[in-house]
Amino acid sequence: MKVQLVNPSAPEPAAAEATAGLAHLAKSRVGVLENGKQHAELILTSIAELLGTSHGVELVTVAHKSVAAAADPAVIDELVATADWVLVGSAD
């Protein structure tokens with residue numbers, strides 16, 4: 001499986017090949033930090049639910065932040081305490 005990351009503000013990175021696929025996510029706990037963009041929560045929680053179905057990922061928390069500011073430290077603390085990893089933000 002190949003994964004290509006693209007950053008529009010930097011030169012295009014080389015494609016990276018994932019060796020384990022998504023197997024390392026099995027039985028992990030995911031948090032969602034949505035950034036207030038339209039449909040961000042729906043998109044990110046849907047991704048988490050799909051990973052739950054296919055890899056046993058458990059959605060443990062959904063936190064919110066302003067689109068224009070950093071997340072409150074209490075929100076970050078909650079995510080650190082409850083999740084193994086976090087899905088963050090969404091673009092329009």
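**Close-up views of the predicted model**

**View 1. His39 sits in the loop that links S3 to helix H1 (40-55).** Keep in mind that the model shown here, and in every other view, is predicted. The backbone is what to look at in this spot: His39 is not a glycine, yet its phi is positive, at about 70°. Is His39 buried, partly exposed or exposed? With a relative accessibility of 49%, His39 counts as partly exposed.

**View 2. Lys27 also has a positive phi without being a glycine.** The value for Lys27 is about 65°. This residue belongs to the loop that runs between strand S2 (16-17) and strand S3 (29-34). Lys27 counts as exposed because its relative accessibility is 70%. One caution for anyone zooming in on this part of the chain: the mean confidence of S2 is 62, the lowest in the protein, while S3 has the highest, at 94.

**View 3. Ser28 is buried and makes polar contacts with its side chain.** Like Lys27, Ser28 is in the loop between S2 and S3. Its relative accessible area is just 7%, so it counts as buried. What does the side chain of Ser28 find to pair with? One partner is the side chain of Trp85, in a polar contact at 2.8 Å. Another is backbone: a polar atom of the Ser28 side chain lies 2.6 Å from the backbone oxygen of Leu25. Setting aside sequence neighbours within four places, Ser28 is in contact with Gly56, Val57, Glu58, Asp84 and Trp85.

**View 4. Asp84 comes up against Ser28 and Arg29.** Those two are its contacts once neighbours within four places in sequence are left out. Asp84 is found in the loop between helix H2 (73-82) and strand S5 (85-88). At 46% relative accessibility, Asp84 counts as partly exposed, whereas Ser28 is buried. Leu25 is a useful landmark for this view: 59 residues separate it from Asp84 along the chain, but their C-alpha atoms are 9.3 Å apart.

**View 5. S3 and S4 run parallel and are joined by six bridges.** To get your bearings, find Arg29, which stands opposite Glu58 in S4. Why is S3 described as largely enclosed by the rest of the structure? Five of its six residues are buried, so there is plenty of structure around it.

**View 6. Thr61 is a buried residue of strand S4 (residues 58-64).** It counts as buried because its relative accessibility is 9%. Which side chain does the Thr61 side chain pair with in a polar contact? It is that of Glu78, at 2.7 Å. Leaving out neighbours within four places in sequence, Thr61 is in contact with Val30, Gly31 and Val32, and also with Glu78, Leu79 and Thr82.

**View 7. Eight residues form the largest nonpolar core.** Its members are Leu25, Val30, Val32, Leu44, Ala48, Leu51, Val57 and Leu87. The elements contributing two or more residues to this core are S3 and H1. H1 gives the largest share, with three residues. For a look around one core member, take Leu51: apart from neighbours within four places in sequence, it is in contact with Leu22, Leu25, Gly56, Val57 and Trp85. There is also a second, separate core of five residues, with Ala63, Ala71, Val75 and Leu79 among them. In soluble globular proteins, nonpolar side chains tend to be buried together.

**View 8. Zooming back out, the protein has two helices and five strands.** Starting at the N terminus, the order of elements is β-β-β-α-β-α-β. The protein has 92 residues, of which 25% count as buried. How many of the contacts reach far along the chain? Among contacts between residues at least 6 apart in sequence, 69% join residues at least 24 apart. The accessible surface comes to about 6,100 Å², and carbon and sulfur atoms account for 59% of that. As for how far to trust the picture, the average pLDDT is 84, and 82% of the residues score at least 70.

Methods
Residues are numbered from 1 along each chain as its sequence is written. This is a predicted model: local features need pLDDT of at least 70, side-chain atom pairs count only at pLDDT 80 or more; totals for chains, interfaces and linings use all residues. Side-chain values use heavy atoms; hydrogens and water are left out. Helices (H or I, at least four residues) and strands (E, at least two) are DSSP runs, numbered from the N terminus. Buried means under 20% relative accessible area, exposed over 50%, partly exposed in between (1.4 Å probe, protein chains only). A polar contact is a pair of N or O atoms within 3.5 Å; within protein, one must be able to donate a hydrogen and the other to accept it, and residues adjacent in sequence count only if both atoms are side-chain atoms. Contact means heavy atoms within 4.5 Å. A nonpolar core is a set of buried Ala, Val, Leu, Ile, Met, Phe, Trp, Tyr and Cys residues joined through side-chain atoms within 4.5 Å. pLDDT is the predictor's confidence in each residue, from 0 to 100. Accessible areas come from the Shrake-Rupley method with a 1.4 Å probe; for residues, only the protein chains shown count as cover. Two strands pair if DSSP finds at least two bridges between them.
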